[in-house]
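Okay, thanks for coming, everyone. I'll talk through the model on the screen for a few minutes, so get it up on your laptops if you want to follow along.

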Amino acid sequence: METDIFKALADPTRRAIFEKLAGGGMNASALRDGMEISQPAMSQHLGVLRNARLVREQRQGRFVNYEVDPQGLALIARWLTKYRAYWPARVDTLKALLKDMDQ
Amino acid sequence: MSNIDAEQHTEQMVFDYELDAPLEKVWRALSIPAFREKWLPGVGLADPEPLSSAPCEEIRYRMRDGEPPFLESVVTFQVTPNADGGTRLRIIHGLADARLARDPPKAANSNLPCLMRAA
């Protein structure tokens with residue numbers, strides 16, 4: 001699952017799409033605004049992001065809206081992995097600070 | 001703020017550390033912005049002001065991940081004196097992102113299942 005995420009975000013275009021969606025959900029044509037990308041290519045990229053559970057789609061009548069999927073288990077796993085390494089490093093810095101501080 | 005407390009289903013992690021410094025000193029490092037900034041940079045926080053603070057016991061900050069989708073979380077630091085004159089620091093860090101709420105209408109209604117019954 002982690003590998004899917006890294007593969008999905010390794011592509012700069014997909015990363016740009018993902019970051020655009022992180023600012024708020026939108027449909028595929030609004031997503032293409034300002035990007036040099038064909039409609040089929042956009043669909044393909046969105047499919048990869050969806051399979052990695054980074055993005056989810058919601059039908060609204062004739063339109064499909066895309067948004068970042070914060071419920072994606074993979075996304076939560078990535079968050080946990082990141083902060084599991086973050087806190088021990090922060091506490092090391094805290095310990096050094098405590099040594100430098102006056103009583 | 002109440003919506004944060006309502007988040008009970010989210011992932012959280014707990015770390016315990018023994019620090020070789022008195023509680024009062026650790027508390028200053030946790031709560032005074034100039035000290036806090038030196039080990040917990042404001043760039044990782046959603047708000048440099050604590051979410052809540054109980055002096056020499058517990059302080060909480062709202063955090064925001066620096067990467068998309070910028071997941072929001074709450075970190076709680078609890079301090080208690082240990083037997084060696086040092087301080088035990090407990091870090092509880094849990095996701096608290098409004099977008100993670102699953103099925104909000106159902107959850108809002110979960111305590112009142114029978115009120116809508118018609119005769």
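Which residue stands opposite Gln60(A) in E3(A)? Have a look while I set the scene: this is a predicted model. Right, what stands opposite Gln60(A) is Phe63(A). That pair belongs to two antiparallel strands, E2(A) and E3(A), the latter covering residues 63-68, and 6 bridges join them.

Let me step back to the whole sheet in chain A. It's an open sheet of 3 strands, antiparallel, in the order E1-E3-E2. E1 (26-27) and E2 (55-60) of chain A are the edge strands, each pairing on one side only. Two helices pack on that sheet. One is H2(A), residues 12-22, which touches E2 and E3 of chain A and points at about 95 degrees to the direction of E3(A). The other is H4(A), residues 39-51, which also touches E2 and E3 of chain A, with its direction at about 115 degrees to that of E2(A).

For the overall layout, chain A has 5 helices and 3 strands, and along the sequence they go α-α-β-α-α-β-β-α. Chain A has 103 residues, and 21% of them count as buried. If you take the contacts in chain A between residues at least 6 apart in sequence, 54% join residues at least 24 apart.

Now let's look at those two helices, starting with H4(A). Its 13 residues reach 18 Å from the first C-alpha to the last, close to the 18 Å you'd expect at 1.5 Å a residue. Which residues of H4(A) are buried? They're His45(A), Leu46(A) and Leu49(A). Those residues cover an arc of only 100 degrees around the axis, and that puts them on the same side of H4(A). Go round to the other side of H4(A) and you find exposed residues: Pro40(A), Ser43(A), Gly47(A) and Asn51(A). The textbook reminder here is that an α-helix has 3.6 residues a turn, so residues three or four places apart point the same way.

H2(A) has a buried set too: Arg14(A), Ile17(A), Phe18(A) and Leu21(A). Why do I say they line one face of H2(A)? Because, looking down the axis of H2(A), you see its buried residues fall within an arc of 95 degrees. And yes, there's an arginine in that buried list, Arg14(A).

Next, some backbone angles. Just after H2(A), Gly24(A) takes a positive phi of about 150 degrees. Just after H4(A), you get a positive phi again, about 60 degrees, at Arg53(A). The general background is that most residues other than glycine have a negative phi. Arg53(A) isn't a glycine, and yet its phi is positive. You'll find Arg53(A) in the loop between H4 and E2 of chain A. Is Arg53(A) buried, exposed or partly exposed? Partly exposed, because 18 other C-beta atoms lie within 10 Å, and buried would take 20 or more.

Chain B has one of these as well. Cys56(B), again not a glycine, has a positive phi of about 60 degrees. Cys56(B) sits in the loop between E2 (52-54) and E3 (58-64) of chain B. Cys56(B) is partly exposed, with 17 other C-beta atoms within 10 Å.

The strands either side of that loop, E2(B) and E3(B), run antiparallel and are joined by 3 bridges. In one of the pairings, Ser52(B) has Arg60(B) in E3(B) as its bridge partner. Zooming out, chain B has an open sheet of 5 strands with antiparallel pairing, in the order E1-E5-E4-E3-E2. E1 and E2 of chain B are the edge strands, each pairing on one side only. From one strand to the next, the twist averages 20 degrees. H2(B) packs on this sheet and touches E1, E2, E3, E4 (72-81) and E5 of chain B, with its direction at about 165 degrees to that of E4(B).

Last topic: how the chains meet. How many residues does each chain put into the contact? It's 25 residues from chain B and 21 residues from chain A. On the chain B side, E1 (12-19), H2 (23-31), H3 (33-39) and E5 (87-95) each supply at least two residues. E1(B) gives the most, with 4 residues. By class, that side of chain B has 17 nonpolar, 1 polar and 7 charged residues.

That's me done, so over to you for questions.

Conventions: Residues numbered from 1 in each chain as written. Chains lettered and ligands numbered in written order. Predicted model: local features only at pLDDT ≥ 70, side-chain atom pairs only at ≥ 80, totals over all residues. Contact = placed C-beta atoms within 7 Å. Nonpolar A, V, L, I, M, F, W, Y, C, P; charged D, E, K, R; others polar. Pairing = 2+ DSSP bridges. Axes fitted to C-alpha atoms, helices over the stretch in contact; angles between N-to-C directions. Expected span 1.5 Å × (residues − 1). Buried ≥ 20, exposed ≤ 12 C-beta atoms within 10 Å, placed from the backbone. Arc of directions from axis to C-beta.
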